[in-house]
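Me: I've got this one open on my screen and I'd like to talk through how the ligand is held. Can you walk me through it?

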Amino acid sequence: MTIPLIDADMKFLKAGSLPDLMSLQSIIAANLPCPEIFMLHEEKFFQEILRLERSVIGVTAEEELIAFSIIRIPGLADDSLGKDLNMREEELIKVAHLQAAAVHPAYRGNGLQRKLTSAHLRVIEDMGYEHVCCTVSPKNPVSLANYLSCGLMIEGLRPKMQGWWRFILHKNILHPNFADMERPVDINEIKIQISDIEGQLDLVKRGFKGFKITFLPDGAEVFYA
Ligand SMILES: CC(C)(COP(=O)(O)OP(=O)(O)OC[C@H]1O[C@@H](n2cnc3c(N)ncnc32)[C@H](O)[C@@H]1OP(=O)(O)O)[C@@H](O)C(=O)NCCC(=O)NCCS
């Protein structure tokens, strides 16, 4: 059951929050339906990212960290998601990753991932980056719904770390795509089961972008255009 958020505090986290982040990640890991949907990070990663200004936003309720969002600037690193989307070097340096987000199981359903993502999108824009990218597992429709609702779109699909399938999502903050605007009526729209990897690979290869998800009793459908 969701604990309603009456008094929560959202703020940038600093080095002192390392133990809280580690223990929240352990709770999240212990509650995953399958390990594939959420890539866990090492303590060293948290340590380094906490040193970078505005990279980690946390939500605290009743003096406990209950949610976080992390951004990372990959530059020209091999793991830049811009490379998965075939960006050229002059675009790669404008890429920011929504690297990770998670909410304590007891507090899910309060829209915290969306709120944290919106806050971090404003930070990324303020920092002067143009492209926002992230990955989501096709087995994680709730997270996909949240990122799509923030204007990111599915532009890639491929096996990433450990060979786990990931959608590659992208949003150009300076030049919004049609998800952010009123869509033309004659647009070619196709809906497909989120579990249909082959079908979505074909759509992405043909230049379709995933922009919406609807939940069904037995799964979810993604809309491409
Ligand atoms: C993905 C995640 C961050 C979403 O949390 P959230 O922001 O609280 O989710 P929302 O408020 O958007 O929830 C929307 C609905 O989905 C439900 N929901 C949220 N997370 C869920 C989950 N993991 N499994 C099933 N249902 C979930 C909520 O209860 C809510 O239902 P309701 O509309 O009936 O109230 C959270 O599930 C999580 O931390 N998961 C594990 C880590 C993870 O997957 N991170 C994202 C990696 S890309």
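Me: Keep in mind that this is a predicted model. How far is an oxygen atom of the ligand from a polar backbone atom of glycine 109?

Reply: Here the partner on the protein side is a polar backbone atom. A polar contact needs a pair of N or O atoms within 3.5 Å. For glycine 109, the distance to a ligand oxygen is 3.0 Å.

Me: And what's the distance from an oxygen atom of the ligand to a polar backbone atom of glutamine 113?

Reply: Glutamine 113 also uses its backbone, with a ligand oxygen as partner. Arginine 108 brings in an N or O atom of its side chain, 3.3 Å from a ligand oxygen. For the glutamine 113 backbone, the value is 2.8 Å.

Me: How much of the ligand's accessible area does the protein cover?

Reply: Start from the ligand on its own, which has 880 Å² of accessible area. The share of that covered by the protein is 67%.

Me: Where does the ligand sit, and which elements give two or more residues to the shell around it?

Reply: The ligand is in the largest pocket. Its shell holds seven nonpolar, eight polar and two charged residues. The elements giving two or more residues are β4 (95–103), α5 (112–126) and α6 (141–149).

Me: What about the whole chain: what is its radius of gyration?

Reply: The protein chain has seven helices and 10 strands. For 225 residues the globule rule gives 17 Å, and the chain comes close to that, so it is as compact as a globular protein of that length. Its radius of gyration is 17 Å.

Definitions and conventions
Residues are numbered from 1 along each chain as its sequence is written. This is a predicted model: local features need pLDDT of at least 70, side-chain atom pairs count only at pLDDT 80 or more; totals for chains, interfaces and linings use all residues. Side-chain values use heavy atoms; hydrogens and water are left out. A polar contact is a pair of N or O atoms within 3.5 Å; within protein, one must be able to donate a hydrogen and the other to accept it, and residues adjacent in sequence count only if both atoms are side-chain atoms. Accessible areas come from the Shrake-Rupley method with a 1.4 Å probe; for residues, only the protein chains shown count as cover. On a 1 Å grid over the protein atoms alone, a cavity is a set of points where a 1.4 Å probe fits but cannot get out, and a pocket is an open set with protein on both sides within 12 Å along at least five of seven lines; lining residues have an atom within 4 Å of a point. A molecule sits in a cavity or pocket if more than half of its atoms lie within 2 Å of its grid points. Helices (H or I, at least four residues) and strands (E, at least two) are DSSP runs, numbered from the N terminus. Ala, Val, Leu, Ile, Met, Phe, Trp, Tyr, Cys and Pro count as nonpolar, Asp, Glu, Lys and Arg as charged, and the others, Gly among them, as polar. The radius of gyration is taken over C-alpha atoms; the globule rule is 2.2 Å times the number of residues to the power 0.38.
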